[in-house]
Amino acid sequence: MNAHEIDYQIFGEEMQYVELELDPQEAVIAEAGNFMMMDDGIKMDTIFGDGSKQNEGFLGKVLGAGKRLLTGESLFMTIFSNEIQGKKKISFASPYPGKIIPIDLTRFNGKFICQKDAFLCAAKGVSIGIEFSRKLGRGFFGGEGFIMQKVEGDGMAFVHAGGTMAKKELQPGEKLKVDTGCIIGFTQTVDYNIEFVGGIRNTLFGGEGLFFATLTGPGTVYIQSLPFSRLASRVHQAAPQQGGKDKGEGSILGGIGDVLSGDNRF
């Protein structure tokens, strides 16, 4: 099934949203919770999976949707269709501060691999599936486990990055070392593996984890400066703990506690 051709425009800086223009009978699919606003005349339906394989039987659709559970997503997705005459617009918002990245799958040979929670929305006809790791070490220590998402087809898809996005074009054999949580996604030609940081001091006191992700070209890689897990960890550390007060603001122990916990440095 060929994906619908949709026009789009991205608005905002730190908190972005993407506005899609749907011609009559065009549609877009999205994860639950990403919808922002839409013109009157667009119909919303909840479907099994991504709706890209309409010719499969009910059992095939259930099995296909069930694979999404392995990536931590819902069995269902939402499809928004323009069923009247005239062009209509619909918008989807980023879930936290960062950038929305348009992915033209025709430029990447029909496939893009991304982290499990990066997908925002796509043209109807684009398939949202799972990508299993073939390497044991990557599965255990790669930050994303054995499973990542894959977006396949010939249409437009949109993924979300936390903070600022960096795009790297790797040449054949060129290697890039990345924090495992900072990967947004990469093209299918990129080899993804992990590498031990090395050194006792680096391992125990470096504060960067035990492993790097290593991405080897050729191909395109997208990196984010602020993974949501890192943002959530900082918020949790700064929040008052149950049964006590926050020692980080205006107290004698606050500064010492921050130094001991690594939040401040000499």
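**View 1. A nonpolar surface patch in the predicted model, built by Phe35, Met36, Met37, Met38 and Met44**. These five names mark a patch on the surface whose area comes to about 450 Å². Strand E4 supplies the largest share of the patch, namely four residues, while Met44 belongs to strand E5, which covers residues 42-48.

**View 2. The open sheet of four strands that includes E4**. The strands are arranged in the order E1-E2-E7-E4, and their pairing is antiparallel. At the edges of this sheet are strand E1 (7-11) and strand E4 (35-38), each of which pairs on one side only. From one strand to the next, the twist averages 20°. In general, the strands of a sheet are held in register with one another by backbone hydrogen bonds, in either a parallel or an antiparallel manner.

**View 3. The pairing of E4 with strand E7**. Strand E7 spans residues 88-93 and pairs with E4 in the antiparallel sense, over three bridges. Within this pairing, Phe35 stands opposite Phe92 of E7; Phe35 is also one of the residues that make the nonpolar surface patch of the opening view.

**View 4. The surroundings of Thr78 in strand E6**. Which strand holds Thr78, and is this residue buried or exposed? Thr78 is found in strand E6, made of residues 76-82, and it counts as buried because its relative accessibility is 12%, where the cut-off for buried is under 20%. Leaving aside residues up to four places away in sequence, Thr78 touches Val28, Ile29, Ala30, Met44 and Asp45. Met44, one of these contacts, lies in strand E5 and also takes part in the nonpolar surface patch, so that Met44 links this view with the opening one.

**View 5. The open sheet of three strands, with E18 between E15 and E17 in the strand order**. The order is E15-E18-E17, and the pairing is again described as antiparallel. The edge strands are strand E15 (175-178) and strand E17 (191-196), and each of them pairs on one side only. The twist in this sheet averages 30° from one strand to the next.

**View 6. The bridges between E17 and strand E18**. Strand E18 consists of residues 211-216, and six bridges join this strand to E17, the two running antiparallel. How is Glu195 placed in this pairing, and which residue in E18 is its bridge partner? The bridge partner of Glu195 in E18 is Phe212.

Notes. Residues numbered from 1 in each chain as written. Predicted model: local features only at pLDDT ≥ 70, side-chain atom pairs only at ≥ 80, totals over all residues. Heavy atoms only, no water. Pairing = 2+ DSSP bridges. Axes fitted to C-alpha atoms, helices over the stretch in contact; angles between N-to-C directions. Patch = residues over 30% accessible without salt bridge, like charges linked within 9 Å, V, L, I, M, F, W, Y side chains within 5 Å. Areas by Shrake-Rupley, 256 points an atom, 1.4 Å probe, with all protein chains shown as cover. Salt bridge = Lys/Arg side-chain N within 4 Å of Asp/Glu carboxyl O. Buried < 20%, exposed > 50% of the residue type's maximum accessible area, 1.4 Å probe, protein only. Contact = heavy atoms within 4.5 Å.
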